[in-house]
Amino acid sequence: MTRNGFALLFIAGCAAIAAVALSLRQPGTAPPSPAVSAPPTSWPDYSADGPGFQTPAMADGELIAYGYKLITQTFAVIGPEAPDPSLRLAGNNLSCQNCHLDGGTNRGGLPLVGVFGTYPKYRERDRRVDSLVDRLNDCMMRSMNGQPMPEGSREMAALLAFLNFIGKPQPVAARPAPPPPQPADAARGAIVFAAVCAACHQSDGLGVRLGSANVALGYRFPPLWGPDSFNDGAGMDRFENAVGFIRHNMPRGVDPQNPQLSLQQAWDVVAYLKTMPRPKEQRPR
Ligand code: HEC
Ligand code: HEC
């Protein structure tokens, strides 16, 4: 080989190495993370600043990942604007994780970790024993203001697979909100709403959408009432659920150990929310 030939090969070799090095250093690519091959035994963290969710490297890993997608991007798959009309089971553009925060892994945000093993469960509210399918469909019909998800569907199988996957750690015990120091007052709550909540949820309470209507991108800030909100049968329409959730999580990101709202303000703002219009439950039981 000539000297020139060698030089060319050398340059080509350097270029190839440089290209590989560059491709490894692409800005924005996440560092390679180990594949998850077993359900978490300690509390998982699927928040934006945590390690996040990875498709588990196990037999039903894809199904579990689909379940995670259904929880976090509900609007995109089963919302009223979802691409497949036969899957439009939810009646609003919320996601499950608008309430079950961080994919159901936020301890103070209605966590779904550990609940799998607690079903079937007797519920005082409906005076019957609920299977997990029944319970999921309560949130479908009330929180999501939609239709029950067929028991044999791939979507129901995926939700159950995801909840089973995060089902090992001990669930958080429910702590009912303490009663308000003074009776809850909607007029005082309106002042709290304007001062604290409207910055994100807007003064009309209808939230801020992502993308234009009909593109199924859900919300940046979800609505707190109005036609695209949960209906009046939903757990979040009840003082006992809403007060604790709002006090410990709103404004979103607040330290639950050091809430911004006083207990009285949380009760008052919920009293205000309860004066606002929302869809009626279609099939009360
Ligand atoms: C608007 C808020 C909201 C949305 C959206 C929502 N939920 Fe819920 N969910 C609640 C509340 C509040 C409770 C608990 C209170 C109660 O028993 O009524 C609950 C309870 C549950 C439970 C039972 C938890 C336990 O500890 O027993 C499951 C499972 C569940 N939801 C799944 C879902 C799924 C899946 C979705 C999406 C398809 C969803 N939820 C959407 C508010 C919501
Ligand atoms: C900094 C912005 C911000 C502020 C301020 C804020 N929220 Fe939220 N809120 C959010 C976001 C974002 C979500 C959805 C959480 C998610 O998807 O992770 C949410 C969810 C909710 C939910 C459950 C989902 C739904 O659609 O009903 C309720 C209820 C709620 N907020 C009430 C309030 C109340 C009441 C206040 C005032 C005390 C308040 N929020 C203040 C950002 C905010």
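## Iron site of ligand 2

Histidine 201 has a relative accessibility of 10%, so this residue counts as buried, the cut-off for buried being under 20%. The structure described here is a predicted model. In this model, His201 and Met250 are the protein donors of the iron atom of ligand 2. The histidine donates through NE2 and the methionine through SD, and these donors lie 2.0 to 2.3 Å from the iron atom. Histidine 201 belongs to helix 7 (residues 186–201), while methionine 250 sits in the loop between helix 8 (239–249) and helix 9 (263–273), so the pair ties together parts that are 49 residues apart in sequence.

Methionine 250 also counts as buried, because its relative accessibility is 17%. Around the iron atom of ligand 2 there are six donor atoms, and the angles they subtend run from 86 to 179 degrees, which makes the arrangement octahedral. For six octahedral donors the ideal angles are 90 or 180 degrees.

## Surroundings of ligand 1

The shell around ligand 1 holds 22 residues, of which Cys96, Cys99, His100, Tyr119 and Cys139 come nearest. By type, the shell divides into 14 nonpolar, five polar and three charged residues.

Several side chains make polar contacts with ligand 1. A polar side-chain atom of tyrosine 119 is 2.5 Å from an oxygen atom of the ligand. For histidine 100, a polar side-chain atom lies 2.8 Å from a nitrogen atom of ligand 1. Arginine 123 has a side-chain N or O atom 3.4 Å from an oxygen atom of ligand 1. Strand 1 (121–123) and helix 5 (132–143) are the elements that give two or more residues to this shell. Helix 5 gives the most, with six residues.

The shell also involves two domains: domain 1 (61–165) and domain 2 (186–273) each supply at least three residues to the surroundings of ligand 1.

## Glutamate 81

Glutamate 81 is found in the loop between helix 3 (74–78) and helix 4 (101–104). Is this residue buried or exposed? Its relative accessible area is 13%, so glutamate 81 is buried.

The side chain of glutamate 81 has contacts with two backbone nitrogens. One belongs to asparagine 214, which the side chain reaches at 3.1 Å. The other belongs to alanine 216, whose backbone nitrogen lies 2.9 Å from a polar atom of the glutamate 81 side chain.

Methods:
Residues numbered from 1 in each chain as written. Chains lettered and ligands numbered in written order. Predicted model: local features only at pLDDT ≥ 70, side-chain atom pairs only at ≥ 80, totals over all residues. Heavy atoms only, no water. Donors = N, O, S within 2.8 Å, 3.2 Å for Na, K, Ca; no water. Tetrahedral: all angles 85-135°; square planar, octahedral: opposite > 155°, others 65-115°. Helix = DSSP H or I, 4+ residues; strand = E, 2+ residues; numbered from the N terminus. Buried < 20%, exposed > 50% of the residue type's maximum accessible area, 1.4 Å probe, protein only. Near = heavy atom within 4 Å. Polar contact = N/O pair within 3.5 Å; in protein donor to acceptor, adjacent residues only side chain to side chain. Nonpolar A, V, L, I, M, F, W, Y, C, P; charged D, E, K, R; others polar. Domains from an automatic or database assignment.
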